[in-house]
Amino acid sequence: MKTISTQPIAGQKPGTSGLRKKVAEFTQPGYLENFVQSIFNAIGDCSGRTLVIGGDGRYYNRQAVQIIVRMAAANGFSRLLVGRGGLLSTPAASCVIRKYGADGGIVLSASHNPGGPDEDFGVKFNGPNGGPATETVTDAIYRASGEIDCYLIEETADIELDEPGEHRVGGCRVEIIDPVADYAELMTTLFDFEAIGQLLANSPFTLCFDAMHAVTGPYAVEILERRLGAPEGTVINAEPLEDFGGGHPDPNLAHAAELVRRMNSDDPLAFGAASDGDGDRNMILGTGFFINPCDSLAVLTDNAELVPGYRDGLAGVARSMPTSPAVDRVAEALGISCYQTPTGWKFFGNLMDAGRITLCGEESFGTGSSHVREKDGLWAVLFWLNIIAVRKQSARAIVREHWQRYGRDYFSRHDYENLNSEGATALIQGLRDNLSTLRGREIEGHKVAYADEFAYTDPVDNSVSRGQGLRILFEDGARVVLRLSGTGTSGATLRVYYDRYERDPALLELDAQKALASLIIAADTLAGIRQHTGRESPDVIT
Ligand code: VG1
Ligand code: CO
């Protein structure tokens, strides 16, 4: 074992989901080592503990796994569970931590950010509940990164990552585990595989899953093709590649282009889905139909009792603040609690651990439940397939019925990427300074009811998280939210979220951009979006 002296490196502050930087920064001498040692220092004595390690397979994943294995052994961990090939999707890592009672896990991923030598890398730490470290822990990691003076590492050869087996590194037992098996097993306990299998065997029901050359390929092939009997080739772009095949592993209409093409071909498919780099996001498409993630969460909540794992009902639900309130309406009808948390999955963990919620989700293509402590892309796909198999209706028909019953919350998010940081900060600061003056102002037919900066008090541990997005609520129930992204690695990304409720049965099938047009203009008037960003239109609309 060697003790290597080092000094703090500025900027190792975890964001919405772990530490994400350009590969060039992460591969600087000592950069990864400093951050990993800061995690170990923050969690305290590691001796005798068990750690799970895996990642989404992006560039630098394999090298990073080898370094972390040697450092974990040197820091006293007695058992490491490492995904074969260095792979573990984010939800599978969460599953493995929980199943084997590990003390935590390190997941190597920058999620939906592109990968490759010139792109992004990331490291996140999950706690013993399998969920992303809470803010208390990420704050402690950041503090540790500012005080670090040495790191510990074993001087051993690389271990064989591609074969199942056991290794000794220093005093530590390292087990190479099948990255898919435990997760696939868990899915069979939640969903009716027989009913879904029958649905898929029924030839008019055609399905395509786009793994985007990211980590879900092996999971989707095993579950959809091998276990559920979907035809070979149902999963496209199934092989995880270090650069995701040059694509952007973000499941939305812009980036999952091949899937969208197949859905709209002359012989359209019944159901399409895609996941992101680390497998925790999902996009669901019906024939000629995109299901907004906010609506998806509401529909899953409303139909949960059709699915074996949720047959006994839901303890409660939660959504991130910028997510539309579609799920709130269902929770009210079901008589269960509905919580509103800041953006990022780390805020759902306490609610789940305390048994307050079963399902939760975010507008950013994230949906999940208490089966693990991360959002879970394939799980959401299986949930939808299970509902379709039971109701024997198309995805589109199910959503339409939902709107007829509950009304529709039109929702859209506009992203302005790679902005000059000063301009983006000035925009937010300018609006923040004006929040208290907005009440009563009328713009484009919407009158401001109130405006504030969202702060969250965790009802379980009473911790307070401030500065979680500026929101403007209008008297007609419409809403605009503005916040800066905490996952980017260059410049700033502004996210503007719009939602508006529509009850009129004749107005439920409008184009979302048209339905939200007046709000989009109102937001520009109030926040000076075009003026501060210098952009006429957003880069990505979801
Ligand atoms: C984004 C999303 C947020 C999500 C986070 C991590 O964060 O908005 O909802 O939890 O990514 O998702 P931000 O700070 O950039 O808005 V993942 O799949 O990239 O781990
Ligand atoms: Co992700």
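The following questions and answers walk through the fold of this predicted model.

Visitor: How are residues and chains labelled here, and which pLDDT do local features need?
Guide: Residues are numbered from 1 along each chain as its sequence is written, while chains are lettered from A and ligands numbered from 1 in the order in which they are written. In this predicted model side-chain atom pairs count only at pLDDT 80 or more, totals for chains, interfaces and linings use all residues, and local features need pLDDT of at least 70.

Visitor: Why does the radius of gyration of the chain agree with a compact globule?
Guide: The C-alpha atoms fill a box of roughly 70 × 60 × 40 Å along the principal axes. The radius of gyration is taken over C-alpha atoms, and the globule rule is 2.2 Å times the number of residues to the power 0.38. For 542 residues that rule gives a value near 24 Å, which agrees because the chain has 23 Å.

Visitor: How many helices and strands are in the chain?
Guide: Both are DSSP runs numbered from the N terminus: helices are H or I with at least four residues, and strands are E with at least two. By this definition the chain has 18 helices and 27 strands.

Visitor: In the open sheet of seven strands, which strands stand at the edges?
Guide: Two strands pair if DSSP finds at least two bridges between them. The sheet has mixed pairing and the order β2-β6-β5-β3-β4-β9-β8. Because each edge strand has a single partner, one side of it is left without a neighbour in the sheet; these strands are β2 (19–22) and β8.

Visitor: What is the bridge partner of H167 in β9?
Guide: Strand β8 (residues 165–169) runs antiparallel to β9 (residues 172–177), and five bridges join them. Their hairpin has two residues between the strands, and G170 takes a positive phi near 55°. Within this pair, H167 is bridged to V174.

Visitor: What angle does the direction of helix α3 make with that of β4?
Guide: Helix α3 (residues 61–74) packs on the sheet, touching β3, β4 (79–87), β5, β8 and β9; residues are in contact if their C-beta atoms, placed from the backbone, lie within 7 Å. Axes are lines fitted to C-alpha atoms, for helices over the stretch in contact, and angles run from 0 to 180 degrees between N-to-C directions. The angle is about 170°.

Visitor: In the open sheet of five strands, what is the bridge partner of L285 in β14?
Guide: This sheet has the order β11-β10-β12-β13-β14 with mixed pairing, and its edge strands are β11 (235–236) and β14 (289–291). Strand β13 (residues 282–286) pairs with β14 in the antiparallel sense over three bridges. There L285 is bridged to F290.

Visitor: How many polar residues has the shell around ligand 1?
Guide: A residue is near a molecule if its C-beta atom, placed from the backbone, lies within 6 Å of it, and 18 residues surround ligand 1, with T16, S111, S485, G486 and T487 the closest. Ala, Val, Leu, Ile, Met, Phe, Trp, Tyr, Cys and Pro count as nonpolar, Asp, Glu, Lys and Arg as charged, and the others, Gly among them, as polar. The shell has one nonpolar residue, five charged and 12 polar.

Notes:
Contact = placed C-beta atoms within 7 Å.
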